[in-house]
Amino acid sequence: MPQGRSARGPCCAGFSVLLTAGVVLLIYWAIFQPHHIRATVDSAVLSNLTVSNASSSAAAVSYDFTVSLRLYNPSVRVDIYYDAIDAQLRFRDAVVGPAANDTSPSVFYQRRKTSEVVKMEFDYWRSPGSGGGGGVTVGSDVAGELVKETRSGGPVSLELDVDVRVRYVFKMFKLRQKPRIRCSLSIPVKTEGRHHGFGGAAASGDRCSVKY
């Protein structure tokens with residue numbers, strides 16, 4: 001009889017571990033999975049867009065860009081702490097802004113069923129003939145494509161990439177996640193006058209993709 005009880009012990013222990021793991025996964029799914037953040041573009045303004053030395057290896061893009069991103073927490077129970085926000089601006093998969101100069105706010109606490117607007121500024125403009133930095137070095141192929149888009153009379157296609165570190169909090173439960181936000185922006189541009197390049201504003205309300 002002692003041997004029989006000993007043989008059943010590991011089996012019962014294994015079942016308890018599986019049951020516990022199942023309960024934990026169920027709690028995780030019920031609390032966290034249905035409550036991914038949502039992101040939309042409130043506004044986006046591009047100005048002073050210029051391309052220099054487009055056909056050479058020293059091609060550079062200069063511009064000012066400001067975008068307001070609205071982050072929404074759809075959960076009815078879970079609050080969110082935003083611990084870090086890092087952004088890049090891309091054109092045709094090439095980075096034309098290594099990171100936002102600043103985001104406001106840079107960290108914040110978001111209650112359930114609320115929205116927060118985060119402002120991001122990219123300042124890479126240099127005046128023509130200044131010879132100074134401020135522009136972003138790009139490949140000649142990227143510079144050539146950007147010149148084509150600005151001169152075609154149509155919109156310039158940009159992508160805002162935002163990496164966020166968050167903590168989901170529900171009573172004693174906490175979960176850290178790193179959602180990736182991708183926003184496709186189509187900005188109609190026109191000349192802003194002599195030596196000021198191109199500029200324009202994007203329509204608000206564009207929905208962004210959020211992946212975990």
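Start by selecting Asp-141, Lys-148 and Arg-151: these exposed residues (over 50% relative accessible area, with a 1.4 Å probe and protein chains only) sit on the face of helix 2 that is turned away from its buried side. Before going on, note that this is a predicted model, in which local features need pLDDT of at least 70, side-chain atom pairs count only at pLDDT 80 or more, and totals for chains, interfaces and linings use all residues. Residues are numbered from 1 along each chain as its sequence is written, and side-chain values use heavy atoms, leaving out hydrogens and water.

**Helix 2**

Now select residues 140-151, the 12 residues of helix 2; helices here are DSSP runs of H or I with at least four residues, strands are runs of E with at least two, and both are numbered from the N terminus. From first C-alpha to last, helix 2 reaches 16 Å, close to the 16 Å expected at 1.5 Å a residue (1.5 Å times one less than the number of residues).

Turn to the other side and pick Val-142, Ala-143, Leu-146, Val-147, Glu-149 and Thr-150, the buried residues of helix 2 (buried is under 20% relative accessible area). They cover an arc of only 165° around the axis, so they share the same side of helix 2; the arc is taken from the directions from the helix axis to the C-beta atoms. Show their packing partners next, among them strand 1 (38-52), strand 9 (155-170) and strand 13 (198-202). Just after helix 2, stop at Gly-153, which takes a positive phi of about 90°.

**Cys-183**

Go to strand 11 (residues 180-188), where you will find Cys-183. Cys-183 is buried, at a relative accessible area of 1%. Leaving aside neighbours within four places in sequence, its contacts (heavy atoms within 4.5 Å) are Val-41, Leu-69, Leu-158, Glu-159, Leu-160 and Cys-208. Try a distance label between the C-alpha atoms of Cys-183 and Leu-158: 8.4 Å, for residues 25 apart along the chain.

**Aromatic pairs**

The structure holds five aromatic pairs (ring centres of Phe, Tyr or the six-membered ring of Trp within 6.5 Å; stacked under 30 degrees, edge-to-face over 60, tilted for the rest). Select Phe-65 and Phe-122, a tilted pair at 6.0 Å centre to centre with 50° between the planes. Phe-65 lies in strand 2 and Phe-122 in strand 7 (residues 114-124), so this pair ties together parts 57 residues apart in sequence. Phe-65 is buried at 0% relative accessible area, and Phe-122 is buried at 2%.
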